[in-house]
Amino acid sequence: MQGLILNGSKNVFEVECDDGIVRGCSLKGKILKAGEGYYNPLAPGDRVVLDDSTLEREKGLITDLVPRRNEFVRWNIKRREPQLLAANLDYLMIVTTPDFPPFRPRFVDRALAQAEYQGITPVIVCNKYDVEESSSEQFRQRLEVWEDLGYKVLRLSARTGEGLTEFAEILQSRLSALVGQSGVGKSSLINVLDNNVVLKTGSLSQKYGRGTHTTTKGSLMHIQLNESLVGGLHDVTADIIDTPGVRRFLLHGIEPENLALYYREFAPLVGKCAYGMSCTHTHEKGCAVQDAVRSGAIAPDRFESWQRTVEEMRTGRWEE
């Protein structure tokens with residue numbers, strides 16, 4: 001028997017089994033070799049093997065992990081271990097806002113780099129696009145930079161419904177994970193995509209403009225897309241993993257000297273500097289990356305984002 005991980009903690013997981021029954025399952029021996037080295041050994045989207053001989057109506061034992069197609073991970077600074085957020089994804093939906101909470105382009109850049117590293121197709125989802133700040137020149141230019149790099153950027157609003165039809169079209173019949181800062185409206189988006197799902201949504205801190213954590217652990221949901229978003233068709237489904245909101249997204253598995261490989265506009269230039277692969281792209285003469293910044297081929301904001309992230313990776317002092 002195999003099953004799909006819907007959610008869970010370190011040793012107890014909700015598994016949708018292939019016989020159609022959802023069971024609470026624990027790890028046999030409390031250790032899963034394939035999950036060693038992670039804060040949590042399994043994530044929503046994982047497929048697992050169950051022990052047929054001990055299977056009961058409401059519970060079971062997980063004996064093995066079916067090899068993953070991909071996995072999305074972040075470094076959990078509190079636990080000081082990598083944390084699996086989702087597995088076997090078709091899309092990573094990186095949710096951001098023009099304001100409330102404040103726009104954090106470096107959060108998006110880091111999530112994009114992690115997706116590139118792990119071979120997952122990212123989509124940038126700008127929620128709350130109806131707010132006044134969405135018309136600011138700096139914000140619009142940053143979205144255009146990502147689009148010029150070939151990333152799909154969606155401009156939408158869970159409140160007004162703007163852009164939701166295109167969003168639903170991408171999601172249907174796929175497994176996608178939503179990742180973003182607390183307060184960007186991930187749960188609100190799910191609520192409007194499917195009228196049958198009601199997730200708790202949080203208010204923003206008046207003092208800091210930050211969201212409160214309403215999703216405490218990742219969970220995979222099978223949703224039936226609102227008929228108004230899919231041309232009136234019935235029973236159009238999507239699988240969505242709602243991940244906990246985070247204020248800082250820290251990279252995992254990427255060495256500072258290799259980060260340029262996961263910035264799309266940097267990668268073709270790596271190794272072409274006068275100092276070859278040893279170039280730090282900060283001060284050397286004949287640096288192809290710095291030449292690209294001066295010529296406008298690399299946006300100054302993206303270069304600064306890369307530079308600051310490399311520095312934070314080396315010092316271990318991360319900013320929001």
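Me: Let's start small: which residue in β9 does V95 stand opposite?

Reply: V95 faces V125 of β9. Please keep in mind that this is a predicted model. As a general idea, strands of a sheet pair through backbone hydrogen bonds, either parallel or antiparallel. Here β8 and β9 run parallel, and 6 bridges join them.

Me: In what order do the strands of that open sheet come?

Reply: The order is β10-β9-β8-β11-β13-β12, so 6 strands in an open sheet with mixed pairing. At the edges sit β10 (152-155) and β12, each of which pairs on one side only. On average, neighbouring strands of this sheet are turned by 25° against each other, direction ignored.

Me: Which strands does α4 lie across?

Reply: Helix α4 lies across β8, β9, β11, β12 and β13, and runs at about 165° to β13. Another helix, α2 (residues 137-148), lies across β9 and β10, at about 145° to β10.

Me: Is α4 mostly covered or mostly open?

Reply: Mostly covered: α4 spans residues 186-193, and 6 of its 8 residues are buried. The buried ones are K186, S187, L189, I190, N191 and L193. Their cover includes the strands β8 (91-96), β9 (121-126), β11 (175-180), β12 (219-224) and β13 (237-242), along with helix α3 (164-171).

Me: How should I read two packed helices, and at what angle do α2 and α6 pack?

Reply: Two packed helices are described by the angle between their axes and the distance between the axes. For α2 and α6 (residues 300-315), the angle is about 80° and the axes are 10 Å apart. That makes α2 roughly perpendicular to α6. On the α2 side the contact is made by R142, V145 and W146, and on the α6 side by D301, R302 and S305. Sorted by class, this contact of α2 with α6 has 2 nonpolar, 1 polar and 3 charged residues.

Me: Back to strands: how many bridges join β6 to β7?

Reply: There are 6 bridges between β6 and β7 (residues 81-87), and the two strands run antiparallel. N76, for example, has E81 in β7 as its bridge partner. The two strands form a hairpin with 4 residues between them, and R80 in the turn has a positive phi of about 60°. Strand β6 (residues 71-76) is mostly covered, with 5 of its 6 residues buried.

Me: Where is P122, and which residues does P122 touch?

Reply: P122 is in strand β9. With a relative accessibility of 6%, P122 counts as buried, because the cut-off is under 20%. Leaving aside residues up to four places away in sequence, P122 touches L92, I94, L112, A115 and Y151. As for L42, P122 is 80 residues from it in sequence and 21 Å from it in space, C-alpha to C-alpha.

Me: Let's turn to cysteines. How many disulfides does a search of the whole structure find?

Reply: A disulfide is a covalent bond between the sulfur atoms of two cysteines. The search of the whole structure finds 0 disulfides.

Me: Why is C25 not bonded to C17?

Reply: The closest cysteine sulfur to that of C25 is in C17, 5.0 Å away, which is too far for a bond. C25 counts as buried, at 1% relative accessibility. C273 is in no disulfide either, and the nearest cysteine sulfur, that of C279, is 3.8 Å away. C273 counts as buried too, at 7% relative accessibility.

Note on methods:
Residues are numbered from 1 along each chain as its sequence is written. This is a predicted model: local features need pLDDT of at least 70, side-chain atom pairs count only at pLDDT 80 or more; totals for chains, interfaces and linings use all residues. Side-chain values use heavy atoms; hydrogens and water are left out. Buried means under 20% relative accessible area, exposed over 50%, partly exposed in between (1.4 Å probe, protein chains only). Contact means heavy atoms within 4.5 Å. Two strands pair if DSSP finds at least two bridges between them. Axes are lines fitted to C-alpha atoms, for helices over the stretch in contact, and angles run from 0 to 180 degrees between N-to-C directions. Angles under 35 degrees count as roughly parallel, over 145 as roughly antiparallel, 65 to 115 as roughly perpendicular and the rest as oblique. Ala, Val, Leu, Ile, Met, Phe, Trp, Tyr, Cys and Pro count as nonpolar, Asp, Glu, Lys and Arg as charged, and the others, Gly among them, as polar. A disulfide is a pair of cysteine sulfur atoms within 2.5 Å.
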